[in-house]
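Visitor: I would like to take a close look at one part of this model, and I would be glad of an answer that explains each term as it comes up.

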Amino acid sequence: MINHIRKATVLIPSTVTYDKYNEKIEGEPNSRTITIAISLRTGSTQIINSVKSINSDYIGVTSDKELKENQQIVCGDWIYNIDYIDILGRKTILYLTRVKQYGN
């Protein structure tokens, strides 16, 4: 997996605020760059009692500790949803699901 380390963009959802007429005002989504290694989950030996981690197809490893479950990661042409995060070790382990796009 060490050979698959690449730069990726983390998409942070925009904050929604309301004006005096109670209408939604969405801000611009934020993004930042991280380094991550993503691979298929085949052969994973880590067992967690969580449905979120069981349903995920990919595992990502990064040293970033500020990721949240409602964020998305764009790596190359693919977009991943963060399903579950394990930050207990030295590295952060992310359980990811690929967002299906037209043509992929």
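Visitor: Is asparagine 22 buried or exposed, and what is its relative accessible area?

Guide: This is a predicted model, in which local features need pLDDT of at least 70 and side-chain atom pairs count only at pLDDT 80 or more, while totals for chains, interfaces and linings use all residues. Residues are numbered from 1 along each chain as its sequence is written, and side-chain values use heavy atoms, with hydrogens and water left out.

Asparagine 22 is exposed, with a relative accessible area of 60%; here buried means under 20%, exposed means over 50%, and partly exposed lies in between, using a 1.4 Å probe and protein chains only. Asparagine 22 sits in the loop between β2 (16-18) and β3 (24-26), where strands are DSSP runs of E with at least two residues and helices are runs of H or I with at least four, numbered from the N terminus. Its phi is near 60°, a positive value in a residue other than glycine.

For the setting of that loop, consider the whole protein chain, which has one helix and eight strands and follows the pattern β-β-β-β-α-β-β-β-β along the sequence. Of its 104 residues, 29% count as buried.

Some buried residues can be found by turning to the aromatic rings, of which the whole structure holds four pairs; rings of Phe, Tyr and Trp (its six-membered ring) pair if their centres lie within 6.5 Å, and planes under 30 degrees apart count as stacked, over 60 as edge-to-face and the rest as tilted. One of these pairs, tyrosine 58 with tyrosine 80, is edge-to-face, at 5.3 Å centre to centre and 70° between the planes. Because tyrosine 58 lies in strand β5 (residues 58-62) and tyrosine 80 in strand β7, the pair ties together parts that are 22 residues apart in sequence. Tyrosine 58 is buried, with a relative accessible area of 11%, and tyrosine 80 also counts as buried, at 5%. Tryptophan 78 forms an edge-to-face pair with tyrosine 80 too, at 6.2 Å centre to centre and 65° between the planes, but tryptophan 78 counts as partly exposed, at 31% relative accessibility. Ring pairs thus link Tyr58, Trp78 and Tyr80 into a cluster, whereas asparagine 22, the residue you asked about, is exposed.
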